[in-house]
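Let's take a walk through this model, from a few loop residues to a pair of helices and on to the ligand. Keep the structure open beside you as you read.

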Amino acid sequence: MSTVNLEVRIGNLFLKNPLIAAAGTYGPDSFELIPPNLFGAVCTKAVTLNPVQGNKPPRLFEVKGGLINRIGLQNQGVHQFVEEIYPRFSQYHTPVVINVAGFTANEYLKILEILEDKIKDLVIYELNVSCPNVEKGGMAICQHLPSLRRLLTKAREITNKPLWVKLPPQGELIKLLKVSEETLVEAVVIANTYRALTIDKATGEIYTGGLSGPAIKHLTLNLVNQARQLTPLPIVGCGGVSDLEGLMQYLKLGARAVQIGTSLFNNPETPSIIINELDNFLNISNQNSLWDYLNPPGSYKSIINKNKGVGKLQMGTQKIYSGKCIGAQKIKKDKSKN
Ligand SMILES: Cc1cc2nc3c(=O)[nH]c(=O)nc-3n(C[C@H](O)[C@H](O)[C@H](O)COP(=O)(O)O)c2cc1C
């Protein structure tokens, strides 16, 4: 139990702490070992329109400093997600980030319509336009900016709930950020895995997939730093965090929150260790809150924020706000978002 206020704000949303379980690395099977309430929010694995079997095994390779996965969006499809998987997430009072993936732009929109119709709780949608392990959809949408623009614009029309877009690490960051800004998403997640190659030791076969884990941390930190200078959109960092240092590096570069994935496999205690260490660190530094530590009183950001008076939406109590629009209109008017 934290004694310091670890709350972070992403757009108009408040999360109780900055750590988010990353998509595809966490789910109901892990809840006993890693309880959802350790996190500020938890992402589901990718949800597609129809069930997807994913790639044939082998699909996971341990490499030095990380993992290469070629899962290929395996999941039971949106209908089973709504019936069976979401209820297991929603039992907890931890905000749920639904990772939405399609093989065409229209599929993303159809999934969003179904989720909007069936799930009245306040959830966050994370549009996964960056999966490197599928032939169609995923990262391909980011390679054609008009398609991305159309997808995000239409998605914004379908929902007033928070929309995050999870970007690929490869691609023209500045253009991807511009499109994200124009289409009024609430945050960008930087980034998904890096396309990489490995050779199966047993068979000599070559496999490509997405590289994650500590091996990518410094690459993604660099992207977050670039993005921070290019956009006022809130950034959620994602890549290679395994300890408090990694979390703080992202936050100091301006990320509002940080997702953690591969390190959950290496040591399920990682999230509780990070949160405890963060709490201890702030206590020892005589800080009342993480916000004050990152934005010392009198600093530019601290003053701007104070004067803005942004309405507070407490995601940890999502049921209270179930089914309500949560401020896209307000955000549309609030261009600076910082
Ligand atoms: C086994 C595995 C499955 C993943 N599945 C998804 C997914 O369904 N959707 C998605 O957006 N990202 C997925 N990812 C990427 C992670 O969410 C995250 O972006 C990436 O692993 C980088 O963070 P990390 O270095 O902390 O693991 C997956 C990663 C792994 C290792």
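Before we start, one cut-off: a residue counts as buried if 20 or more other C-beta atoms lie within 10 Å of its own, as exposed if 12 or fewer do, and as partly exposed in between. Keep in mind, too, that this is a predicted model.

Now put that cut-off to work on Leu 184. This residue sits in the loop between helix 4 and strand 10. It has 19 other C-beta atoms within 10 Å, so it is partly exposed. What catches the eye here is the backbone: Leu 184 has a positive phi of about 65°, although it is not a glycine. That's worth a pause, because most residues other than glycine have a negative phi.

Leu 73 is the other leucine to look at. It also has a positive phi of about 65° without being a glycine, and you'll find it in the loop between strand 6 and helix 1 (78-90). Is Leu 73 buried or exposed? It is buried, because 23 other C-beta atoms lie within 10 Å.

While we're on backbone oddities, let's turn to the peptide bonds. As a rule, most peptide bonds are trans. The one from Pro 57 to Pro 58, though, is cis, with omega near 0°. Pro 58 belongs to the loop that runs between strand 4 (41-43) and strand 5 (60-63). Another cis bond leads from Ile 190 to Ala 191, this time with omega near 10°. Ala 191 is in the loop between strand 10 (187-190) and strand 11 (194-199).

Ile 190 also gives us a way over to Pro 168. The two are 22 residues apart along the chain, yet their C-alpha atoms are separated by 7.2 Å. Pro 168 lies in the loop between strand 9 (163-167) and helix 4, and with 26 C-beta neighbours inside 10 Å it counts as buried.

From there, step onto helix 4 itself (residues 173-182), which packs with helix 3 (residues 145-158) at an angle of about 25°, their axes 9 Å apart. The two helices are therefore roughly parallel to each other, and helix 3 passes helix 4 in a right-handed crossing. Which residues make the contact? On the helix 3 side they are Leu 145, Leu 148, Arg 149 and Leu 152, and on the helix 4 side Lys 175, Val 179, Ser 180 and Glu 182. Sort the residues of this contact by type and you get four nonpolar, one polar and three charged.

A short detour takes us to Asp 121, in the loop between helix 2 (105-118) and strand 8 (124-128). With 17 other C-beta atoms within 10 Å, Asp 121 comes out as partly exposed. Its C-alpha atom is separated by 9.4 Å from that of Val 96, which is 25 residues away along the chain.

Finally, the ligand. There are 25 residues around it, and those that come nearest are Gly 24, Ala 46, Ser 212, Gly 261 and Thr 262. Strand 6 (66-69) and helix 7 (262-266) each supply at least two residues of this shell. And what is the shell made of, in terms of nonpolar, polar and charged residues? It divides into nine nonpolar, 14 polar and two charged.

Definitions and conventions: Residues are numbered from 1 along each chain as its sequence is written. This is a predicted model: local features need pLDDT of at least 70, side-chain atom pairs count only at pLDDT 80 or more; totals for chains, interfaces and linings use all residues. A residue is near a molecule or strand if its C-beta atom, placed from the backbone, lies within 6 Å of it. Helices (H or I, at least four residues) and strands (E, at least two) are DSSP runs, numbered from the N terminus. Ala, Val, Leu, Ile, Met, Phe, Trp, Tyr, Cys and Pro count as nonpolar, Asp, Glu, Lys and Arg as charged, and the others, Gly among them, as polar. Axes are lines fitted to C-alpha atoms, for helices over the stretch in contact, and angles run from 0 to 180 degrees between N-to-C directions. Angles under 35 degrees count as roughly parallel, over 145 as roughly antiparallel, 65 to 115 as roughly perpendicular and the rest as oblique. A crossing is left-handed if the near helix is turned anticlockwise from the far one by less than a right angle, and right-handed if clockwise. Two residues are in contact if their C-beta atoms, placed from the backbone, lie within 7 Å.
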